[in-house]
Structures are given as structure tokens and as C-alpha cells.
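Reader: I should like a close look at a single part of this model, namely its salt bridges. Please describe which residues take part and where they lie.

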Amino acid sequence: MTSDTVPAHGRAVDPGQACPIAPVVDIVFSRWTTPILWALHEYGRQRFVELERRLASITPKVLTQRLRQLERDGLVVRTYHPEVPPRVEYEISELGRSLAPLFATLADWSAANLARVGAARIAYDAQPRPGRRRG
């Protein structure tokens with residue numbers, strides 16, 4: 001048990017109860033989920049290889065895993081076309097599209113504040129810290 005799940009009264013608290021958005025963060029902001037949803041939202045229905053090209057550094061194994069999880073969560077729809085050769089397409093679901101305002105808000109926040117975050121990191125890193133070796 002970590003200290004962030006034990007409040008002052010000493011009883012463990014489920015992170016989902018401590019922060020009501022924690023389950024959403026776990027679903028939507030796990031590695032590669034956001035770029036996949038963004039690509040499907042921006043470019044529409046795509047085949048696996050198209051997604052793989054758009055997300056250049058993702059491995060096929062990880063892309064497959066994330067797409068399966070997104071399908072399971074109801075955020076992506078997989079359509080199998082029984083033709084020769086078989087064709088599979090992925091598209092963002094209505095539930096996935098409902099995240100668009102959240103992503104737009106985060107994009108706006110990023111544009112307005114990432115430079116400030118960078119400046120804060122530089123200032124923090126420049127401060128001497130007791131017990132921290134420099135250089």
C-alpha cells in the first residue's frame with residue numbers, strides 16, 4: 001500500500017473514490033491510447049497498417065493490444081470484412097467521439113501552458129537541494 005492511498009485517518013482509500021476521474025485517466029490516458037483515439041478521430045476509419053504508419057514508433061504487438069482494449073472499452077469499433085484477402089477496419093465509436101471536447105480542452109491547455117511547465121522544470125532543476133549531488 002502506498003502513502004497516497006492512506007489518508008490521515010489511517011484507512012486505505014480506493015484511488016477511484018479518492019479521485020473520481022482516476023478510472024477515466026486509467027482508460028483514456030494509458031500509453032498509446034490517446035494517440036490512437038486522436039488518429040481515428042482526426043482521420044476517420046482506418047486499417048491496421050494505416051494506423052501503424054500514423055503512429056510510427058508503435059510496434060504491431062502493442063497496437064494490437066491497445067486496439068483490443070479500446071474495442072473492449074467501447075471506444076473503438078472493429079469491422080471485419082470477409083473478403084479475399086480479409087480486411088479489418090477500425091473507427092472511433094460514438095462513446096470515443098464523446099471524448100473530443102476533453103481532448104480539445106487539453107490541446108488548448110497544452111498550447112497555453114506547456115512553455116510555462118518547461119520554465120518551471122528548468123527553475124526547479126536549477127535550485128540547490130539538500131542531499132542532492134550536482135553535476
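Author: In this predicted model, a network of salt bridges links Arg45, Glu83, Arg87, Glu89 and Glu91. Side chains of opposite charge can pair when their charged atoms come close. Across the whole structure, a search finds five salt bridges.

Glu89 is a useful place to begin. Its side chain meets that of Arg45 in a salt bridge, with an N to O distance of 3.9 Å. This pair links distant parts of the chain, for Glu89 belongs to strand E3 while Arg45 sits in the loop between helix H3 (33–43) and strand E1 (46–47), and the two residues are 44 apart. The cut-off for a salt bridge is 4 Å between the side-chain nitrogen and the carboxyl oxygen, so the pair at 3.9 Å is counted.

The two partners may also be described by their accessibility. Glu89 has a relative accessibility of 13% and therefore counts as buried, the limit for that class being under 20%. Arg45, at 47%, counts as partly exposed, because the exposed class requires over 50%.

Glu89 also forms a salt bridge with Arg87, where the closest N and O atoms are 3.0 Å apart. Both Arg45 and Arg87 are thus partners of Glu89, and these three residues are members of the network together with Glu83 and Glu91.

The strand that holds Glu89 has a pairing partner of its own. Strand E3 (residues 87–92) pairs with strand E2 (residues 76–81) in the antiparallel sense, over six bridges. The two strands form a hairpin, with five residues between them. Within this pairing, Tyr80 has Val88 in E3 as its bridge partner.

A further salt bridge joins Glu94 and Arg97, whose closest N and O atoms are 3.3 Å apart. Both residues lie in helix H6 (residues 94–97), at a separation of three residues, about one turn of the helix. Glu94 counts as exposed because its relative accessibility is 58%. Arg97, with a relative accessible area of 36%, is partly exposed.

In summary, Glu89 is buried and has salt bridges to Arg45 and to Arg87, whereas the bridge between Glu94 and Arg97 has both of its residues in helix H6.

How values were computed:
Residues numbered from 1 in each chain as written. Predicted model: local features only at pLDDT ≥ 70, side-chain atom pairs only at ≥ 80, totals over all residues. Heavy atoms only, no water. Pairing = 2+ DSSP bridges. Helix = DSSP H or I, 4+ residues; strand = E, 2+ residues; numbered from the N terminus. Buried < 20%, exposed > 50% of the residue type's maximum accessible area, 1.4 Å probe, protein only.
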